[in-house]
Amino acid sequence: MDSKKSIAKVVFSIDTELAWARIHHRNLDDYTESLAEYRNAVDWLLHSFEKYEIPATWAIVGHLFLNNCTSPPHPNITKPEYDWIEGDWYKFDPCSDVKEDPFFYAPDIIEKISDSPIKHEIASHSFAHINFADPGCSYKAAFDDLNECQLIYRERNSKKMKSFVFPQDKVGNLKALRDAEFEVFRGAGVYEDLRSSSKFSKLLFTLKNIFGLANQPIEASLENDLVNLPLSNHHRLERPMNINNPYSFVPLYSKYLVLRNSIKAAIKTGRIAHIGLHPIDFGLNSEKFRTHFEKILAFIQQSSKKGNIQIITMSDIVD
Ligand SMILES: [Zn+2]
């Protein structure tokens, strides 16, 4: 692990999942428009990271690496068996190709990230966006999913991926993660406690966000022989506004202030700001969100040039 604790660090990890984060939990038809803009959002993010010379960790769902797949879907992978979903986890897999179903396959996106002049990290976000923390996910189901990601990646790059971001930030099956030769994962950080906290605590957190107050910077720690690099900030658009999701009512300018103040707090304490993003939030209808984010990138670049902060990817923490 890096011993230079006195210099603050900033790391971006980007959950890149297209349809895979939506099909088991929501109605895909509600997202046709935003998914159609997904590739445009990735282009914008890549362009912006290039403009401000900032590398990021792209945590990509393994199925998106494929050009195509066939029926029956992925018979070599042990499937998780959750009591909240009937039948095979892969029942929504179209078993077609990228031309037919571009929300389920995306080798073009991976190529673009790899071809960027900025040295981004390609990391894993699981093969099929399964829930690793649910008791329905056995060791074998977890390992098979993770191992499939490594096999596909190694086939193309003759090396393994080091970093992993858990779907929905639900951390579990760490032994399988280690056995599949990953080295670093993103813990849920402050959001872990928030999930199980009272309505009052959630309201307080929302108020804190409205006032633009910083989230606490994080530090890396060792867990089950892996490095946990937890989230400090989940920077989400959260639109449309929804009464069940108080965070969706936080003004975009406040979200910008939270992020900027969180990075300042990391600089002040010599700790780490770990910022999670989703490309789906950066589509064409997110102009204001984009404008604010660009200001954040400019601020990070300035801070880096002054020597106040080091920009790293997740795997840099173990290199
Ligand atoms: Zn498939």
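These legends walk through several close-up views of a predicted model.

**View 1. Strand β3, covered on both faces.**
This view takes in strand β3, residues 121–124. Side chains in a regular strand alternate between the two faces of the sheet. In β3, E121 and A123 sit on one side, I122 and S124 sit on the other, and all of them are buried. So what pairs with β3? Strand β2, residues 57–60, runs parallel to β3, and 4 bridges join the two. To find your way between the two strands, look for A59, which stands opposite A123 in β3. The route from β2 to β3 goes through helix α3, residues 107–115, and this β-α-β crossover is right-handed.

**View 2. Helices α2 and α3, side by side.**
Here α3 turns up again, now with helix α2, residues 38–51. Two packed helices are described by the angle between their axes and the distance between the axes. For α2 and α3 the angle is about 5 degrees and the axes are 11 Å apart. Angles under 35 degrees count as roughly parallel, and α2 and α3 are therefore roughly parallel to each other. Which residues meet here? From α2 come R39, V42 and L46, and from α3 come I109, K112 and I113.

**View 3. A cis peptide bond at P72.**
Stay between β2 and α3 for a moment, since the loop there holds P72. Most peptide bonds are trans. The bond from S71 to P72 is cis, though, with omega near -5 degrees.

**View 4. A8 and its distant partners.**
Now move to A8, which lies in strand β1, residues 8–16. Is A8 buried or exposed? A8 has 22 other C-beta atoms within 10 Å, so it is buried. Look for R271 next: along the chain it is 263 residues from A8, yet the C-alpha atoms of the two are separated by 4.8 Å. R271 is also one of the contacts of A8 once neighbours within four places in sequence are left aside. The others in that set are A266, I267, G270, N308 and I309.

**View 5. Strand β9 and the strands that pair with it.**
Strand β9 covers residues 272–277, and 6 of its 6 residues are buried. I272, H274 and G276 point one way, while A273, I275 and L277 point the other way. Strand β1, the home of A8, pairs with β9 in the parallel sense over 6 bridges. One spot to pick out is V11, whose bridge partner in β9 is H274. Strand β8, residues 233–234, also runs parallel to β9, with 2 bridges joining them. In that pairing, N233 stands opposite I275. How does the chain get from β8 to β9? The path goes through helix α8, and this β-α-β crossover is right-handed.

**View 6. Helices α8 and α9, packed together.**
The helix from that crossover, α8 (residues 252–269), packs with helix α9 (residues 287–305) in this view. Their axes come within 9 Å and cross at roughly 15 degrees. That angle makes α8 roughly parallel to α9. Their crossing is right-handed. On the α8 side, the residues that meet α9 are L252, Y256, L259, R260, I263 and I267. Their counterparts in α9 are K288, F289, H292, K295, I296, F299, I300 and S303. I267 has a second role, as it is also in contact with A8.

**View 7. T291, out in the open on α9.**
T291 has its place in helix α9. With 11 other C-beta atoms within 10 Å, T291 is exposed. How far is T291 from Y256, C-alpha to C-alpha? The answer is 9.7 Å, and the two are 35 residues apart in sequence.

**View 8. Two positive phi angles in a row.**
The last stop is the loop between β6 (221–223) and β7 (226–228), where you will find N224. D225 is in that loop too. Most residues other than glycine have a negative phi. N224 is not a glycine, but its phi is positive, at about 50 degrees. D225 is not a glycine either, and its phi is also positive, at about 70 degrees. Are these two buried or exposed? N224 counts as exposed, with 11 C-beta neighbours inside 10 Å. D225 is exposed as well, with 10 other C-beta atoms within 10 Å.

Key:
Residues numbered from 1 in each chain as written. Predicted model: local features only at pLDDT ≥ 70, side-chain atom pairs only at ≥ 80, totals over all residues. Buried ≥ 20, exposed ≤ 12 C-beta atoms within 10 Å, placed from the backbone. Pairing = 2+ DSSP bridges. Right-handed = clockwise from strand over helix to strand, strands pointing away. Axes fitted to C-alpha atoms, helices over the stretch in contact; angles between N-to-C directions. Parallel < 35°, antiparallel > 145°, perpendicular 65-115°, else oblique. Left-handed = near helix turned anticlockwise from the far one by under 90°. Contact = placed C-beta atoms within 7 Å.
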